[in-house]
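Reader: I set up docking runs for a living, so I'd love a close look at one part here. Please walk me through the surroundings of the ligand, and then through the elements that lie beyond them.

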Amino acid sequence: MEKRFVYADNAATTQVSPRVLEAMLPFYKEEYGNPSSVYSIGRQAKEALDKARKQVADALGAQPGEIYFTGCGSESDNWALKGAAAQMKKKGKNHIITTVFEHHAILHTAQALEKQGFEVTYLPVDEYGLLTAKDVENALREDTGLVSIMYANNEIGTILPIPEIGALCRKKGILFHTDAVQAVGNVKIDVKAQNIDMLSLSAHKLHGPKGVGALYVRKGVVLPNFMDGGAQERGHRAGTENVAGIVGLGVAITDAVGNLEERTARERDLRDQLIHGILSAIPHSRLNGHPTQRLPSNANLSFEGVEGEALLLWLDMSGICASSGSACTSGSLDPSHVLLSIGLPHEIAHGSLRLTLGDTSTQEDVDYILATLPPIVEKLRAMSPVWEEIAAADARA
Ligand code: PLP
C-alpha cells in the first residue's frame, strides 16, 4: 500500500475547518477593530463577539449571558474549580469531589487547592472508566461544595453518566462542574436538562482554532473574577478579546452540534471498523474503555509485548499520527494515570495506542491503518523479550 499521511490524533487537536478559517480571516484583515472601541470596525468586532456568544450558548442550551470566553479548556477548568473553591470557603465548605482519571487541568488544579487546605476526594472508576451517581452520592459530606466530573475521558473515550450526576447534585444543592472538552460536538449536551452548573470547552478539539475556550456558568452561580483589568467578559475576565478565535469557536461549535447525528454516525462506523479490524488482526490485543458508552471518535487499544512509544515512532515513519498512553511525561516512565485507573497492569498500559478520528478522517485512512499497524506490531514483538515469554506460554498452552 502506498504511504500516505493519516491524522488519527483528533483528541489532541483538530485541523481548523475551511468554514471556520474563512469566518476568522476578516477579523485579522479588514475588521481588526478592538471590540471596546466606539467606531465602526470596533462595533463590528463587538457584534461578532455577541454572535459567537449566542452560537456557543445555543449549542449548549444556555443563555448568552452564561457564556464566558477564555484562553483554553485548561483556563476554563482552573476558573471553575478555583472560583468555586473561593466561594465555598466563604460558606464554610471545604470538600470537593472529582475522579482519579480527570485531565491534568482538573487534577493539578485540585492538588493546588489541597495545598490551600481544601479536601478533595478522587473517586475511582471501574475497569471501563465508569462510575455511577450513587458513587458520587456515597462520597458526599456535610461540607461538600463542588463536584467536578469529566463528561468524557480524553484517553479511553468513556462517556460518564453526567445527567444522573447533575440531577443528584441539583437535588443536594451542590455545585456541579463538568470538563466537556472532549464531549462537546461528540455527545448531545443540554446544560439545563442535564443540571450542569458549569461546563468547560475548548475550540481546538472541534475543528476550531487553538487558544480559545469557554466556560458556561449558570445564571445565579457567582464566581470571582478570573482576571482583573478592563470590562471584557462583563468584568470577569479582563483582556482584549481574541476576536478571530472566538468567531472561529462560534462557527466550529455550530457546525459540530448542528450536524451531530450524521457526523458521529460516520465516525462511529469508522471507529468500529478500526476496533474490530485491529482486535481480530492482532493477537493479545484489547480495547480500553467502555465498548459502547464511548466517544464515537475514540479507539484505544493495548498490545501485549509492545512499547507504546516505539509503536508511535514506527507509525509516524509510515505517515500515521497517533498517541499513546505511555508518554514519559515529566521524565517519568509511568504509564498514564488513566490507564492505571482502569486497572491495567503497567506492562499492558505501556503498550497502548490511542487513535482518534475527526471530520477529516476517511475510509482510506482506516484502511491504511488496518493495513499498516499489524505488521508494525509484529516487527516490534519480534524484538521484544517480553513477547518471547508470552509466545512461549502460548505454545505451552
Ligand atoms: N480537558 C480535557 C478532557 C482535555 O482533553 C483537554 C485537552 O486535551 C483539556 C481539558 C485542556 O484543553 P486545552 O488544551 O484547550 O487547554
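Author: Happy to. A polar contact here is a pair of N or O atoms within 3.5 Å; within protein, one atom must be able to donate a hydrogen and the other to accept it, and residues adjacent in sequence count only if both atoms are side-chain atoms. The model is predicted, so to speak of local features a pLDDT of at least 70 is needed and side-chain atom pairs count only at 80 or more, while totals for chains, interfaces and linings use all residues. Numbering runs from 1 along each chain as its sequence is written, and side-chain values rest on heavy atoms, without hydrogens and water.

Let's begin at the ligand. A polar side-chain atom of Ser202 lies 2.6 Å from one of its oxygen atoms, and a polar side-chain atom of Asp179 lies 2.6 Å from a ligand nitrogen. Gly73 takes part through its backbone: an N or O atom there is 2.8 Å from a ligand oxygen. The protein covers 89% of the 390 Å² of accessible area that the ligand has on its own (Shrake-Rupley method, 1.4 Å probe).

The ligand is surrounded by 13 residues (a heavy atom within 4 Å), of which Ser74, Asp179, Gln182, Ser202 and Lys205 come nearest. By class, the shell holds three nonpolar, seven polar and three charged residues, with Gly counted as polar and Asp, Glu, Lys and Arg as charged.

Helix H3 (residues 73-90) gives the most to this shell, namely three residues; helices are DSSP runs of H or I with at least four residues, strands are E runs of at least two. H3 also lies across S2, S3, S5, S6, S7 and S8, running at about 160° to S7. Contact there means heavy atoms within 4.5 Å, and angles run from 0 to 180 degrees between N-to-C directions of axes fitted to C-alpha atoms, for helices over the stretch in contact.

Those strands bring us to an open sheet of seven, ordered S2-S8-S7-S6-S5-S3-S4, with mixed pairing; two strands pair if DSSP finds at least two bridges between them. At its edges stand S2 (67-70) and S4 (119-123), each paired on one side only. From one strand to the next, the twist averages 20°. Within this sheet, S7 (residues 198-202) and S8 (residues 213-217) run antiparallel and are joined by five bridges. Leu201 stands opposite Ala214 of S8.
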